[in-house]
Amino acid sequence: MANIQTKQPKLKIRKGDLVQVIAGNSKGVQGKVLEVDVKSSRVVVEGANIVSKHTKPNATNPNGGIIKKEASIHISNVAYVDPKSGKPTRIGRKLNSDNKLTRIAKKSGEEIK
């Protein structure tokens with residue numbers, strides 16, 4: 001049998017982008033992307049999908065207890081927030097004047113830095 005490699009998808013959302021959750025328990029929450037996991041196509045969004053995690057006492061947290069932290073969300077459940085209108089939009093790619101591929105917001109056509 002041939003060695004089959006699975007190609008990882010090209011993700012359009014990157015760390016630091018402002019996104020809005022469009023599905024799930026945190027629907028409507030806007031936040032910055034803290035982490036992107038390309039392999040599992042998941043992102044961690046600031047202030048969204050908060051879970052309670054039970055922790056044992058350790059050096060950083062001597063008492064242990066329950067801490068609240070963000071869990072990952074599938075990338076299909078978040079949408080980039082358009083810098084012009086502030087509404088969710090899709091992301092496209094276009095060649096700019098320097099012949100470099102840049103990301104653009106589909107709704108406004110504005111370039112994403």
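Which residue forms a salt bridge with Asp 17, and how far apart are the closest N and O atoms? The legends below take up this pair and its surroundings in a predicted model, in which local features need pLDDT of at least 70 and side-chain atom pairs count only at pLDDT 80 or more, while totals for chains, interfaces and linings use all residues. Residues are numbered from 1 along each chain as its sequence is written, and side-chain values use heavy atoms, with hydrogens and water left out.

**View 1. The salt bridge of Asp 17 and Arg 103.** Asp 17 pairs with Arg 103, and the closest N and O atoms are 2.9 Å apart; a salt bridge here is a side-chain nitrogen of Lys or Arg within 4 Å of a carboxyl oxygen of Asp or Glu. Asp 17 lies in the segment before β1 (18-21) and Arg 103 in strand β10 (residues 101-105), so the contact ties together parts that are 86 residues apart in sequence. The structure holds 1 salt bridge, and both of its residues, Asp 17 and Arg 103, are buried (under 20% relative accessible area, with exposed meaning over 50% and partly exposed in between, for a 1.4 Å probe and protein chains only).

**View 2. The open sheet and its edges.** In the order β6-β3-β2-β1-β7-β8, 6 strands form an open sheet with antiparallel pairing; strands are DSSP runs of E with at least two residues, numbered from the N terminus, and two of them pair if DSSP finds at least two bridges between them. β6 (72-74) and β8 (88-89) stand at the edges, each with a single partner strand, so one side of each is left without a neighbour in the sheet. Strand β3 (residues 42-45) is joined to β6 by 3 bridges, the two running antiparallel, and Val 43 has Ile 73 of β6 as its bridge partner.

**View 3. Two loop residues with positive phi, Ser 41 and Asn 49.** Ser 41, in the loop between β2 (30-37) and β3, has a positive phi of about 55° although it is not a glycine, and this residue is buried, with a relative accessible area of 13%. Asn 49, in the loop between β3 and β4 (50-55), likewise has a positive phi, near 55°, in a residue other than glycine, but Asn 49 is partly exposed, with a relative accessible area of 26%.

Note on methods
Helix = DSSP H or I, 4+ residues; strand = E, 2+ residues; numbered from the N terminus.
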